[in-house]
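Reader: I have just opened this one and do not know my way around yet. Could you walk me through it while I ask things as they come up?

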Amino acid sequence: MPTILYEGQDYHCEPGESVLDCLIRQGVSVNYSCKAGACQSCMMVAVEGKPTPASQVGIKETLKAQNHFLICSCVPETDMQVAAPDQAGSRFDTAVLSVDKLSADVVRLRLARPDNYIYLPGQFLNLSNEAGAVRSYSLASVPELDDFLELHIRHVPGGLVSGWVAEKLQAGDTVTISQAAGQCSYLPGRETQPLLLVGTGTGLAPLVGIVRDALRQGHSGPIHLYHGSSTAEGLYLVSELSAMDEANAVFHYHPCVSRGTPPHGVQSGRATDVALADFAQLSGWRVFLCGREDMVKTMQKKSFLAGASIQDIFADPFIDSAGAGAANAV
Ligand SMILES: Cc1cc2nc3c(=O)[nH]c(=O)nc-3n(C[C@H](O)[C@H](O)[C@H](O)COP(=O)(O)OP(=O)(O)OC[C@H]3O[C@@H](n4cnc5c(N)ncnc54)[C@H](O)[C@@H]3O)c2cc1C
């Protein structure tokens, strides 16, 4: 079985075991969060041995060329020597500008945008808490419009990082963030194409960034944003998005609740079902899906079956650490 050399120690892999699982099983403390190749917090460099293709999916070409790979997605075929990537330029300490509530359980965190911090709205960054636990959060801000970074964070009961943000962080504190990553963004071109955006809960954060960016870049095709929650109290930014709908002829905001009687202006049903009832044919559309993993995966399939091209479906499932089986990802 392949052996992993890390920080001068050999670790033997079990059959079919990923590099990450091999290291965790043997008590090594390494960064990880989603364990599904999404959050990129477990990225390492292969000093010897070749990373598998699956472990380099979604990584920037420049990093791929330098043998960076995701240890959660690498079941090694040969012995490897691995090392933590050079952190220079990939981690930023930055100031908390504000922490305020958008709803009973959603917090808006605004951070100072570090110099040379490059990102596209809708990408995500990794935020470390004081104990070094790392979680991914999506960017609702737009670099050309905002001089801060904005995140919407749902306070998960007992959550290591979301609890720390909601209960402890204050304006003036310093936090550590990673570079931005992810493919769920608006790219210019085909500006008359209809856009469908569907999100649940804080899946709204990247979608708000994408809509604002598309409008900023002069997108002229219709833009339909469906935001779903089980109850009306779970919806947030309702008045801001309604005002954007009023102000922009191409933008249409559809808040949806799946339980109880919806208030005026809110549609009844799951956001995915309401969107597909409104638009059964998605041939030629660009689709953005963010939020709960099950919703995103189901809607990905349904959008494809409704005619959207696979290249035109951009998805960011918010895979949580339950999938990772992690008590702490340090
Ligand atoms: C690419 C990506 C982007 C993301 N963007 C956002 C974002 O913009 N906003 C946001 O709020 N979250 C986002 N997430 C989810 C986020 O990274 C964390 O998983 C979440 O905040 C919980 O972390 P925690 O440390 O607070 O909880 P943990 O300490 O990891 O978990 C505590 C307990 O809560 C359970 N749990 C964790 N998450 C959830 C959940 N969502 N619902 C129910 N139970 C849960 C766990 O299973 C565990 O039992 C994103 C995830 C990914 C992969």
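Reader: Let me start in the middle of things: which elements do the buried residues of helix 6 pack against?

Author: Bearing in mind that this is a predicted model, the buried residues of helix 6 pack against strand 12 (195-200), strand 13 (223-229), strand 14 (251-257), strand 15 (267-268) and helix 7 (293-305).

Reader: And which residues of helix 6 are buried?

Author: Helix 6 covers residues 271-278, and the buried ones there are Ala271, Thr272, Val274, Ala275 and Leu276.

Reader: Okay, stepping back, how many helices and strands does the chain have?

Author: The chain has eight helices and 17 strands. Its radius of gyration is 20 Å, close to the 20 Å that the globule rule gives for 330 residues, so the chain is as compact as a globular protein of that length. Along the principal axes, the C-alpha atoms fill a box of roughly 65 × 45 × 40 Å.

Reader: What share of the residues is buried, and how much of the contacting is done by residues 24 or more positions apart?

Author: Buried residues account for 50% of the 330 in the chain. Of the contacts with a separation of 6 or more, 68% are between residues 24 or more positions apart.

Reader: What about the surface, and where do the charges sit on average, if I take the mean positions of the positive and negative ones?

Author: The accessible surface is about 15000 Å², and carbon and sulfur atoms hold 51% of that area. As for charges, there are 23 positive and 34 negative ones, and their mean positions lie 4 Å apart.

Reader: Back to strand 13, then. Is His227 buried or exposed?

Author: His227, which has its place in strand 13, is buried, because its relative accessible area is 0%, and the cut-off for buried is under 20%.

Reader: What does the side chain of His227 have a polar atom close to, in terms of backbone oxygen?

Author: A polar atom of the His227 side chain lies 2.8 Å from the backbone oxygen of Gly201. Setting aside neighbours within four places in sequence, the residues in contact with His227 include Gly199, Thr200, Leu204, Tyr236, Tyr253, His254, Cys256 and Ala271. Ala271 is also one of the buried residues of helix 6.

Reader: Now a different helix: what covers the buried residues of helix 3?

Author: The cover includes strand 6 (91-101), strand 7 (106-112), strand 8 (124-128), strand 9 (134-138), strand 10 (148-154) and strand 11 (174-178). The buried residues themselves, within helix 3 (residues 160-167), are Val161, Ser162, Gly163, Trp164 and Val165.

Reader: Strand 11 is where Thr176 is found, so which side chain does Thr176 join in a polar contact?

Author: The partner is Asp93, and the polar contact between the two side chains is 2.7 Å. Thr176 is buried at a relative accessible area of 18%, and, apart from neighbours within four places in sequence, Thr176 is in contact with Arg91, Phe92, Asp93, Asn126, Leu127 and Ser128. For a sense of distance, the C-alpha atoms of Thr176 and Leu97, which are 79 residues apart along the chain, are separated by 14 Å.

Reader: And where is Ser103 found?

Author: Ser103 is in the loop between strand 6 and strand 7, and it counts as buried at 11% relative accessibility. The Ser103 side chain reaches the backbone nitrogen of Val106 at 3.3 Å, and, not counting residues up to four places away in sequence, Ser103 touches Glu233, Leu235 and Tyr236. Tyr236 also appears among the contacts of His227.

Reader: Switching to the start of the chain, what does the side chain of Asp21 make a polar contact with?

Author: The side chain of Asp21 makes a polar contact of 2.7 Å with the side chain of Lys35. Asp21 belongs to helix 1 (residues 19-25) and is partly exposed, with a relative accessible area of 29%. Its C-alpha atom and that of Ile153, 132 residues apart along the chain, are separated by 28 Å.

Reader: One last topic: what is phi of Gln40 near, and where does Gln40 have its place?

Author: Phi of Gln40 is near 65 degrees, which is positive although the residue is not glycine. Most residues other than glycine have a negative phi. Gln40 has its place in the loop between helix 1 and strand 3 (43-48), and at 17% relative accessibility it counts as buried. Arg190 also has a positive phi, near 50 degrees, and lies in the loop between strand 11 and strand 12.

Methods. Residues numbered from 1 in each chain as written. Predicted model: local features only at pLDDT ≥ 70, side-chain atom pairs only at ≥ 80, totals over all residues. Heavy atoms only, no water. Helix = DSSP H or I, 4+ residues; strand = E, 2+ residues; numbered from the N terminus. Rg over C-alpha atoms; globule rule 2.2 N^0.38 Å. Buried < 20%, exposed > 50% of the residue type's maximum accessible area, 1.4 Å probe, protein only. Contact = heavy atoms within 4.5 Å. Areas by Shrake-Rupley, 256 points an atom, 1.4 Å probe, with all protein chains shown as cover. Lys, Arg positive; Asp, Glu negative; His and termini not counted. Charge placed at Lys NZ, Arg CZ, Asp CG, Glu CD. Polar contact = N/O pair within 3.5 Å; in protein donor to acceptor, adjacent residues only side chain to side chain.
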